Amino acid sequence: MSLDTAAVPVNVQPETEEMILARQRRAVFRRRRNTWLLRLAIVVAWLGSWELAATLWIDPFFYSKPSRIWERLVGWFTRGTDFGSIWYQLWVTVEEAVFGFALGAVAGVVLGVILGRSQYLADVLAPFIKAANAVPRIVLASLFVIWFGLGLASKVATVVVLVFFAVFFNAFTGAREVDRNLIDNARILGAGRLQVLRSIVLPSATSWILSSLHTAFGFALIGAVVGEYAGSKAGIGFLIANAQGTFDSAGIYAAMIIITVVALLAEWGIGHLENRLLRWRPSVSAGTTAAL
């Protein structure tokens with residue numbers, strides 16, 4: 001074979017768009033699979049070490065163990081609790097959290113946007129808002145039980161005060177961060193105050209508001225559980241208080257797991273809503289999406 005013939009490059013088949021997309025999908029799938037496998041390995045290692053330690057070294061009466069927690073969860077969901085069905089206890093807590101979350105979020109958005117667009121009102125109310133935010137709001141749960149009793153109202157009030165400030169400050173900041181040039185141009189074109197608020201301010205603040213809802217619903221569940229712990233007739237917080245009184249550490253962990261699952265489901269729902277409402281945002285990269 002001559003040198004000239006050997007130097008002729010091999011004809012390489014160019015990649016088509018479908019081949020490139022298929023390779024990217026395979027890469028995303030592998031990354032997502034490896035991520036979940038690593039997460040599973042961490043959970044298995046953690047639970048295994050806990051089970052081993054509670055069997056050989058630490059006292060399971062105080063620290064419990066995964067096997068006992070699993071038995072308690074199975075018992076609650078098959079036979080029920082000492083105070084009725086676990087589904088009823090869960091419904092009570094979720095009802096309190098959802099009602100309080102809705103009221104606190106609406107109040108936080110409305111007041112945050114109004115003060116964000118009115119410098120004068122913000123200056124007048126600033127010291128009162130800061131003082132209210134400085135109050136240890138968890139302690140208010142005991143007062144609400146005295147004021148409103150052991151029923152739904154006291155738990156909803158606790159949830160509202162926790163959710164309100166989480167949403168308010170984000171809505172306030174989002175309303176303040178609106179591009180002033182957009183507002184000036186809209187007013188030059190004849191837009192009124194309400195039109196500017198509806199067409200420019202609220203859409204611009206939406207990403208700020210929705211990002212606060214992720215944290216706010218977690219606060220809603222905390223408020224409901226703390227309110228029930230302070231005094232109630234039913235709910236997951238009531239189960240936790242009863243488990244503490246009977247030194248049932250497995251029951252406390254089981255109730256925590258149930259609340260965690262509810263919070264994760266709510267986080268998924270809020271994230272889905274955020275993606276639908278903010279479709280106009282540039283999409284994140286495939287690698288970032290796969291990691292979440």
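**Exercise 1. Determine what share of the contacts with a separation of 6 or more joins residues 24 or more positions apart, and describe the overall make-up of the chain.**

Step 1. Contact means heavy atoms within 4.5 Å. Among contacts in the chain with a separation of 6 or more, 74% are between residues 24 or more positions apart.

Step 2. The model is predicted: local features need pLDDT of at least 70, side-chain atom pairs count only at pLDDT 80 or more, and totals for chains, interfaces and linings use all residues. Residues are numbered from 1 along each chain as its sequence is written, and side-chain values use heavy atoms, with hydrogens and water left out.

Step 3. Helices (H or I, at least four residues) and strands (E, at least two) are DSSP runs, numbered from the N terminus. The chain contains 13 helices and 0 strands.

Step 4. Buried means under 20% relative accessible area, exposed over 50%, and partly exposed in between (1.4 Å probe, protein chains only). Of the 292 residues, 35% count as buried.

**Exercise 2. Test the span of helix α4 against the expected value, and list its buried residues.**

Step 1. The expected span of a helix is 1.5 Å times one less than its number of residues. For the 13 residues of α4 (residues 66–78), this gives 18 Å.

Step 2. The end C-alpha atoms of α4 are 18 Å apart, which agrees with the expected span.

Step 3. Pro66, Ile69, Leu73, Gly75 and Trp76 are the buried residues of α4.

Step 4. Just after α4, glycine 80 adopts a positive phi of about 95 degrees.

**Exercise 3. Locate the 2 salt bridges of the structure and state the burial of each partner.**

Step 1. A salt bridge is a side-chain nitrogen of Lys or Arg within 4 Å of a carboxyl oxygen of Asp or Glu. The structure holds 2 of them.

Step 2. One salt bridge joins the side chains of glutamate 51 and lysine 65 (3.8 Å, N to O). Glutamate 51 belongs to helix α2 and lysine 65 to the loop between α3 (60–63) and α4, 14 residues apart.

Step 3. Glutamate 51 is partly exposed, at 23% relative accessible area, whereas lysine 65 is buried, at 13%.

Step 4. Another salt bridge joins the side chains of arginine 72 and aspartate 248 (2.2 Å, N to O). Arginine 72 lies in α4 and aspartate 248 in the loop between α11 (236–245) and α12, so the pair ties together parts 176 residues apart in sequence.

Step 5. Arginine 72 is partly exposed, with a relative accessible area of 28%; aspartate 248 is buried, with 19%.

**Exercise 4. Characterise the lining of the second largest pocket by element and by residue class.**

Step 1. On a 1 Å grid over the protein atoms alone, a pocket is an open set of points where a 1.4 Å probe fits, with protein on both sides within 12 Å along at least five of seven lines; lining residues have an atom within 4 Å of a point. Grid points are joined across faces, edges and corners, and a volume is the space filled by probe spheres set on the points.

Step 2. The second largest pocket holds about 520 Å³ of space. Of its 15 lining residues, Val43, Trp46, Leu47, Ile257 and Thr260 are the closest to its centre.

Step 3. Two or more lining residues come from each of α2 (17–56), α4 and α12 (249–277). Helix α12 gives the largest share, 6 residues.

Step 4. Ala, Val, Leu, Ile, Met, Phe, Trp, Tyr, Cys and Pro count as nonpolar, Asp, Glu, Lys and Arg as charged, and the others, Gly among them, as polar. The lining has 14 nonpolar, 1 polar and no charged residues.
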